[in-house]
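Trainee: I am new to this structure and would like to understand the reasons behind the terms used for it. Could we go through them together?

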Amino acid sequence: MNQDKIITAGLLAYGMSGKVFHAPFLNAHNGFKLKAVVERNTKKAATDYPEILSYNSVNELLNDSEIELVVINTPNNLHYEHAEAALKSGKHILVEKPFTATSAQAKTLFDVADSVRKQIFFYQNRRWDSDFASVKKVLASGKLGKLNEFHLRYDRYRNVIGPKAFKEQAIEASGLLYDLGPHLLDQVISLFGKPVSYHKTLGKNRKDTVVDDYFTIQLNYEDSVNVFVTSSMLVVNPQAAFVLHGVNGSFIKDRSDSQEEQLLSGMKLTDDGYGVEAKGKEGLLTTIDKEGNKTEEIIPSEIGSYLPLFEAVYQSITNHIPYPVKREDVLIQLEILES
């Protein structure tokens, strides 16, 4: 296997996502060189990465022949345009959620990527959250028995219209459904695949909102497995993020991945405690035996890290190892979002 290749990468923006979710990992991974970023106005990236180039436009970065991988972390409604331009410039692309606004756009980009022999990678980082790792660990243990009900929630309290136009204006891929829906749906699809059927409900609850700020989706799977995905921007006291019920037990887990908060505070990937969930956030597994006796077990989460996502990108480019987030996963997700 080739482990010596260095992949030169560029970011299309250096806002919160570039600073927190991409640059630290591209910088930490020995297989990547973070060469450039697009900063149209304020130049901030050099404060964190003194040798980085700061381009004034997307076209300038795409015209850099050394850059092989471009991270598409621009506003949702620009993903399709920028992804197509990057592919036609001969770059591999790593695209934030939502990949595109529609499944038709996604299929077009797949065709473009195949025609120029470049790869598309989907930035579904929540597969590598510590709390989701805890859920997968419990499911894999078999202690719940046959699963019958699975709830996933991602709640916030923001009773105002936010400043980001691409999230709050009535344009394609805006609203809470396209903001947090891709995270939750991808976690479900990674576990269960394509649902047999689904039902979606949207809500607009904040004063003067023109986009959805509430959604719930019920997904039905074979063998009577029912999955409920819910998100709201008006939850003062958040409920558990993961609630699983099976024939032999239940598992309750708060949302506890610490990476975003830690990186925002300036913590490095190499610092002690990085990716470790806070005390008191452990999951509770309650099982019952044939005699009706209940047993409670505290389940700590695995250490969270998004670095394996970037390792998967590296291995796919250099050694042709399949990337874990598949095209069909994203098409299922988009078909639900756009329905």
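Mentor: What follows is a conversation about a predicted model, taken topic by topic.

Trainee: Why is Arg-158 called partly exposed?

Mentor: Arg-158 has a relative accessible area of 42%, and since buried means under 20% and exposed over 50%, the value falls in between, so Arg-158 is called partly exposed. Its place is in the loop between strand E7 (147-155) and helix H7 (165-168).

Trainee: What does Arg-158 touch, leaving out residues up to four places away in sequence?

Mentor: Arg-158 touches Arg-206, Met-233 and Leu-234, where contact means heavy atoms within 4.5 Å. For Lys-253, the separation from Arg-158 is 95 residues in sequence and 23 Å in space, from C-alpha to C-alpha.

Trainee: What makes E3 and E6 the edge strands of the sheet with six strands?

Mentor: The order in that open sheet is E3-E2-E1-E4-E5-E6, with parallel pairing, and strand E3 (53-55) and strand E6 (120-123) each pair on one side only. Neighbouring strands here are turned by 25° against each other on average, with direction ignored.

Trainee: How do you know that E2 and E3 count as a pair?

Mentor: Two strands pair if at least two bridges are found between them, and strand E2 (residues 32-38) and E3 have three bridges in the parallel sense, so the requirement is met. Within this pair, Val-37 stands opposite Ser-54 in E3. Helix H1 (residues 16-28) packs on this sheet, touching strand E1 (7-11), E2, strand E4 (69-72), strand E5 (92-96) and E6, and the direction of H1 makes about 170° with that of E1.

Trainee: Why do E8 and E14 stand at the edges of the sheet with eight strands?

Mentor: The eight strands form an open sheet in the order E8-E9-E10-E7-E11-E12-E13-E14, with mixed pairing. Strand E8 (197-203) and E14 each have a single partner strand, so one side of each is left without a neighbour in the sheet. On average, neighbouring strands of this sheet are turned by 10° against each other, direction ignored.

Trainee: How do you know that E13 pairs with E14 and with E12?

Mentor: Six bridges join strand E13 (residues 283-288) to strand E14 (residues 294-299), and four bridges join strand E12 (residues 249-253) to E13, so both pairs satisfy the requirement of at least two. Both pairs run antiparallel. Thr-287 stands opposite Thr-295 in E14, while Phe-251 has Leu-285 in E13 as its bridge partner. In the hairpin of E13 and E14, with five residues between the strands, Gly-292 takes a positive phi near 90°.

Trainee: Which helix lies across strands of this sheet?

Mentor: H8 lies across E7, E8, strand E9 (214-221), strand E10 (225-232) and strand E11 (242-246), running at about 20° to E9.

Trainee: What makes Leu-94 stand out in the largest nonpolar core?

Mentor: Among the 93 residues of that core, Leu-94 and Phe-99 touch the most other members, and membership requires a residue to be buried, which means under 20% relative accessible area. The largest share of the core, eight residues, comes from helix H8 (residues 175-192). Beyond four places in sequence, the contacts of Leu-94 include His-22, Val-71, Phe-122 and Tyr-323.

Trainee: Which residues are closest to the centre of the largest pocket?

Mentor: The largest pocket has a volume of about 1,200 Å³, and of its 46 lining residues, Met-16, Ser-17, Lys-164, Phe-166 and Lys-167 are the closest to the centre. H1, H7 and H8 each supply at least two residues of the lining.

Conventions:
Residues are numbered from 1 along each chain as its sequence is written. This is a predicted model: local features need pLDDT of at least 70, side-chain atom pairs count only at pLDDT 80 or more; totals for chains, interfaces and linings use all residues. Side-chain values use heavy atoms; hydrogens and water are left out. A nonpolar core is a set of buried Ala, Val, Leu, Ile, Met, Phe, Trp, Tyr and Cys residues joined through side-chain atoms within 4.5 Å. Buried means under 20% relative accessible area, exposed over 50%, partly exposed in between (1.4 Å probe, protein chains only). Axes are lines fitted to C-alpha atoms, for helices over the stretch in contact, and angles run from 0 to 180 degrees between N-to-C directions. On a 1 Å grid over the protein atoms alone, a cavity is a set of points where a 1.4 Å probe fits but cannot get out, and a pocket is an open set with protein on both sides within 12 Å along at least five of seven lines; lining residues have an atom within 4 Å of a point. Grid points are joined across faces, edges and corners, and a volume is the space filled by probe spheres set on the points.
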